[in-house]
Amino acid sequence: MENSLSTGVDIVLIKRIEDILSSSKRDKFLEKIFSKNEIEDAKSRKDEVRFFSGRFAAKEAVRKATSNNINSTKLSFKSIEIFNHRSGKPGVNLKNDLAVDISISHDGNYAIAFCVVQ
Ligand SMILES: CC(C)(COP(=O)(O)OP(=O)(O)OC[C@H]1O[C@@H](n2cnc3c(N)ncnc32)[C@H](O)[C@@H]1OP(=O)(O)O)[C@@H](O)C(=O)NCCC(=O)NCCS
């Protein structure tokens with residue numbers, strides 16, 4: 001895979017995340033998928049459902065983009081941490097030295113994320 005790029009994209013129906021967050025599965029879902037920093041970050045957001053939907057799409061996109069690079073095994077959701085730079089641009093913390101870039105967008109009922117890995 002040297003000198004080549006790999007991409008991943010994921011789209012999330014925001015209602016699906018809303019249903020989980022308003023159900024008894026909420027705590028298990030948050031604990032399994034998101035880091036402490038991400039859960040803390042959500043508290044300062046206007047719309048946690050929209051926020052977690054974008055983060056979920058971002059993690060799926062990273063898992064797709066990296067699945068060929070790391071022994072064909074998909075990374076766990078929790079090992080992928082999404083944050084925002086001061087500019088607002090999202091970034092990815094990964095426990096390996098892959099160069100990763102991510103973009104997230106939301107509109108209406110959907111959140112989408114696109115990831116590029118080198
Ligand atoms: C910031 C901006 C990209 C958001 O676009 P939008 O259509 O309102 O909303 P979208 O749902 O498509 O995008 C939101 C996501 O864009 C990403 N984003 C925010 N700022 C960004 C930037 N400077 N560069 C790239 N991506 C950015 C974030 O991931 C954000 O979601 P998150 O906060 O949950 O991580 C758009 O308003 C813009 O280009 N603004 C000009 C720059 C600006 O005003 N920056 C303000 C911060 S100083």
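1. The lining of the largest pocket in this predicted model comprises three nonpolar, four polar and five charged residues. The lining residues are R45, K46, D47, R50, F51, G54, R55, N84, G88, P90, I104 and H106. Two elements, α4 and β4 (100-107), each give two or more residues to this lining. The largest share, four residues, comes from α4. The volume of the largest pocket is about 210 Å³.

2. Helix α4 (48-66) also supplies the largest share of the largest nonpolar core, namely nine residues. This core has 29 residues, of which F29, F52, F56, V62 and I102 touch the most other members. The elements contributing two or more residues to the core are α1, α2, α4 and β5.

3. F29, one of the residues that touch the most other core members, merits separate mention. When neighbours within four places in sequence are set aside, F29 is in contact with I17, I20, L21, F34 and F56. Of these partners, F56 is likewise among the core residues that touch the most other members.

4. Helix α1 spans residues 14-21, and its buried residues are I14, I17 and L21. These three lie on the same side of α1, because the arc they cover around the axis is only 65°. The general geometry agrees: an α-helix has 3.6 residues a turn, so residues three or four places apart point the same way.

5. As to the surroundings of α1, its buried residues pack against β1 (6-13), α2 (26-33), α4 (48-66) and β5 (110-117). Two of those buried residues, I17 and L21, are also contacts of F29.

How values were computed. Residues numbered from 1 in each chain as written. Predicted model: local features only at pLDDT ≥ 70, side-chain atom pairs only at ≥ 80, totals over all residues. Heavy atoms only, no water. Buried < 20%, exposed > 50% of the residue type's maximum accessible area, 1.4 Å probe, protein only. Arc of directions from axis to C-beta. Contact = heavy atoms within 4.5 Å. Core = buried A, V, L, I, M, F, W, Y, C linked by side-chain atoms within 4.5 Å. 1 Å grid on protein atoms, 1.4 Å probe; cavity = no way out; pocket = protein on both sides within 12 Å on 5 of 7 lines; lining within 4 Å. Points joined across faces, edges and corners; volume = space filled by probe spheres on them. Nonpolar A, V, L, I, M, F, W, Y, C, P; charged D, E, K, R; others polar.
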